[in-house]
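I set out to look up the charged pairs, the aromatic rings and the confidence of this model. The entries below follow the order in which I looked.

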Amino acid sequence: MHGLEILIVQAASYIQILFEAASVIVVAAGGVAFARAFIMHRKSDAEPVARRILGKYLIVALELQLGADIIATATDPSIEELAKLTAIAFVRTFLDYFLVREIREERVADKPNET
């Protein structure tokens, strides 16, 4: 490796760590927001509201983790790493899709019927 290439790989490694750390922070913040929403809302609607809030945080955390995985693969683009990234991206995209869908469904279910 040449000097600039080494520098780029090291920078990418630090950026990957930042993305992973940010993901952990977002999940922790989501846990706090979930607890707060659960406590602050009336008992009848606390769970759906809190779950929607937590779901939004989890979506962001999944996207940050996917970004970290993409950075890791960019610095070591072997066939094995690309295969792992493909599997991870599929699973995280699958989770993201269903989290978004669940949040939308709960939001629609919580709206009063306007007739």
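**Entry: salt bridges**

I counted as a salt bridge a side-chain nitrogen of Lys or Arg within 4 Å of a carboxyl oxygen of Asp or Glu. I kept in mind that the model is predicted. By this rule I found two salt bridges.

I looked first at Arg-92, which forms a salt bridge with Asp-69; their closest N and O atoms are 2.2 Å apart. This pair links distant parts of the chain, with Arg-92 in helix H3 and Asp-69 in helix H2, 23 residues apart. Is Arg-92 buried or exposed? Arg-92 has a relative accessible area of 19%, so I recorded this residue as buried. Asp-69 is also listed as buried, because its relative accessible area is 14%, and the cut-off for buried is under 20%.

I then turned to Arg-51, which forms a salt bridge with Glu-102, the closest N and O atoms lying 2.1 Å apart. Here too distant parts of the chain are linked: Arg-51 is in helix H2 and Glu-102 in helix H3, 51 residues apart. I noted Arg-51 as partly exposed, at 37% relative accessibility. Glu-102 is partly exposed as well, with a relative accessible area of 30%.

**Entry: contacts of two residues in helix H2**

I returned to Asp-69, which is found in helix H2, residues 46-75. Which residues does Asp-69 touch, not counting residues up to four places away in sequence? I listed Leu-85, Ile-88 and Arg-92.

Thr-73 lies in helix H2 as well. Its relative accessible area is 6%, and therefore I entered Thr-73 as buried. Leaving out residues up to four places away in sequence, I found Thr-73 touching Glu-81, Leu-82 and Leu-85.

**Entry: aromatic rings**

I next searched for ring pairs, for which the centres must lie within 6.5 Å. The count comes to four aromatic pairs. Why is the pair of Phe-90 and Phe-94 stacked? The ring centres are 6.3 Å apart and the planes stand at 25°, so I recorded Phe-90 and Phe-94 as stacked; the cut-off is under 30 degrees. Phe-90 and Phe-94 are four residues apart in helix H3, and so about one helical turn separates them. Phe-90 counts as exposed at 59% relative accessibility, whereas Phe-94 counts as partly exposed at 44%.

The rings of Phe-94 and Phe-98 have their centres 4.7 Å apart and their planes at 65°, so I noted this pair as edge-to-face. Phe-94 and Phe-98 both lie in helix H3, four residues apart, about one turn of the helix. At 33% relative accessibility, Phe-98 counts as partly exposed. I entered Phe-90, Phe-94, Tyr-97 and Phe-98 as one aromatic cluster.

**Entry: nonpolar surface patch**

I then asked which residues form a nonpolar patch on the surface. They are Phe-90, Val-91, Phe-94, Leu-95, Tyr-97 and Phe-98, with about 620 Å² of accessible area together. One of them, Phe-98, lies in helix H3, residues 79-110.

**Entry: confidence**

I closed with the pLDDT values. The protein has a mean pLDDT of 83, and 91% of its residues reach 70 or more. Which element has the lowest mean pLDDT, and which the highest? I found the lowest mean, 80, in H3 and the highest, 91, in helix H1, residues 3-40. As a general caution, I noted that predicted coordinates should not be read in detail where pLDDT is low.

How values were computed: Residues are numbered from 1 along each chain as its sequence is written. Side-chain values use heavy atoms; hydrogens and water are left out. Patches are made of residues with over 30% relative accessible area and no salt bridge: like charges are joined within 9 Å, nonpolar side chains (Val, Leu, Ile, Met, Phe, Trp, Tyr) within 5 Å. Accessible areas come from the Shrake-Rupley method with a 1.4 Å probe; for residues, only the protein chains shown count as cover. Helices (H or I, at least four residues) and strands (E, at least two) are DSSP runs, numbered from the N terminus. Rings of Phe, Tyr and Trp (its six-membered ring) pair if their centres lie within 6.5 Å; planes under 30 degrees apart count as stacked, over 60 as edge-to-face and the rest as tilted. Buried means under 20% relative accessible area, exposed over 50%, partly exposed in between (1.4 Å probe, protein chains only). Contact means heavy atoms within 4.5 Å. pLDDT is the predictor's confidence in each residue, from 0 to 100.
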